[in-house]
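Thank you all for coming; I would like to walk you slowly through one model today. Please keep the sequence and the structure in view while I talk.

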Amino acid sequence: NAMATVGDKSCTDVNSCFGAEGMMGEESCTGLNACFGLKANATVGSSSCTAQGSCNGAKGTVGIESCVGLGSCRNAEGTVGDESCTGQNACKGLNAMATVGDKSCTDVNSCFGAEGMMGEESCTGLNACFGLKANATVGSSSCTAQGSCNG
């Protein structure tokens, strides 16, 4: 429910916070596929959504150091804090409406075919930024590894 509030270190199992609304505290939504399809009016605290597949298709707001599993932030549309989306294939197909903070999307194939805005020192893994869309914006000191910005 959009009015729901869940405290810190909550929702820690598989598919936690799936399609969630409302507010979730810090270190929450930590199971496999956590925060998948997070609704636009959802807010999740820092160090959250930390397992594989986290924040895929997420539209809400997620705090810093979040969405750190393999394939995190794929096709996301929301706002994700700094040092987030750090697993392999992170930010792949990131939506044009998405904003990801600094030092994010830092593993292999991150930002592949992405749109939206990625912060400074982001998309730094091997082949990062491959096929980046024309409407994508990546901050300074980004896309610095071998094969980055190809395509």
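**The core, the chain and two residues**

Let me begin in the interior of this predicted model, where the largest nonpolar core has 32 residues, and where Cys35, Leu38, Cys85, Cys91 and Met118 are the ones that touch the most other members. If we take Leu38 from that group and set aside residues up to four places away in sequence, we find that Leu38 touches Cys17, Gly19, Ala20, Met24, Val44, Gly57, Ala58, Lys59, Gly60 and Val62.

Now let us step back to the chain as a whole, which has 8 strands and 0 helices, so that reading from the N terminus we simply pass β-β-β-β-β-β-β-β. The radius of gyration is 14 Å, which is close to the 15 Å that the globule rule gives for 151 residues, and therefore the chain is as compact as a globular protein of that length. Along the principal axes, the C-alpha atoms fill a box of roughly 45 × 20 × 20 Å. Buried residues make up 45% of the 151 residues, while the chain exposes about 6,600 Å², of which carbon and sulfur atoms supply 48%. As for how contacts are spread along the sequence, among those between residues at least 6 apart, 1% join residues at least 24 apart.

Next, I would like to look at Asn33, which sits in the loop between β2 (23-24) and β3 (43-44). Which residues is Asn33 in contact with, once its neighbours within four places in sequence are left aside? They are Asn15, Ser16, Gln52, Gly53 and Ser54. Asn33 and Cys55 are 22 residues apart in sequence, and their C-alpha atoms are 7.3 Å apart in space. Asn33 has a relative accessible area of 25%, and because partly exposed covers the range between 20% and 50%, we call this residue partly exposed.

Finally, let us turn to Ser148, which lies in the segment after β8 (137-138). Is Ser148 buried or exposed? Its relative accessibility is 13%, and since buried means under 20%, Ser148 counts as buried. A polar atom of the Ser148 side chain lies 2.7 Å from the backbone oxygen of Cys143, and the side chain of Ser148 also reaches the backbone oxygen of Ala145, at 2.7 Å. Leaving aside neighbours within four places in sequence, Ser148 is in contact with Asn127, Ala128 and Cys143, so Cys143 appears both in this list and in the polar pair I have just described.

Key. Residues are numbered from 1 along each chain as its sequence is written. This is a predicted model: local features need pLDDT of at least 70, side-chain atom pairs count only at pLDDT 80 or more; totals for chains, interfaces and linings use all residues. Side-chain values use heavy atoms; hydrogens and water are left out. Helices (H or I, at least four residues) and strands (E, at least two) are DSSP runs, numbered from the N terminus. Buried means under 20% relative accessible area, exposed over 50%, partly exposed in between (1.4 Å probe, protein chains only). Contact means heavy atoms within 4.5 Å. A nonpolar core is a set of buried Ala, Val, Leu, Ile, Met, Phe, Trp, Tyr and Cys residues joined through side-chain atoms within 4.5 Å. A polar contact is a pair of N or O atoms within 3.5 Å; within protein, one must be able to donate a hydrogen and the other to accept it, and residues adjacent in sequence count only if both atoms are side-chain atoms. The radius of gyration is taken over C-alpha atoms; the globule rule is 2.2 Å times the number of residues to the power 0.38. Accessible areas come from the Shrake-Rupley method with a 1.4 Å probe; for residues, only the protein chains shown count as cover.
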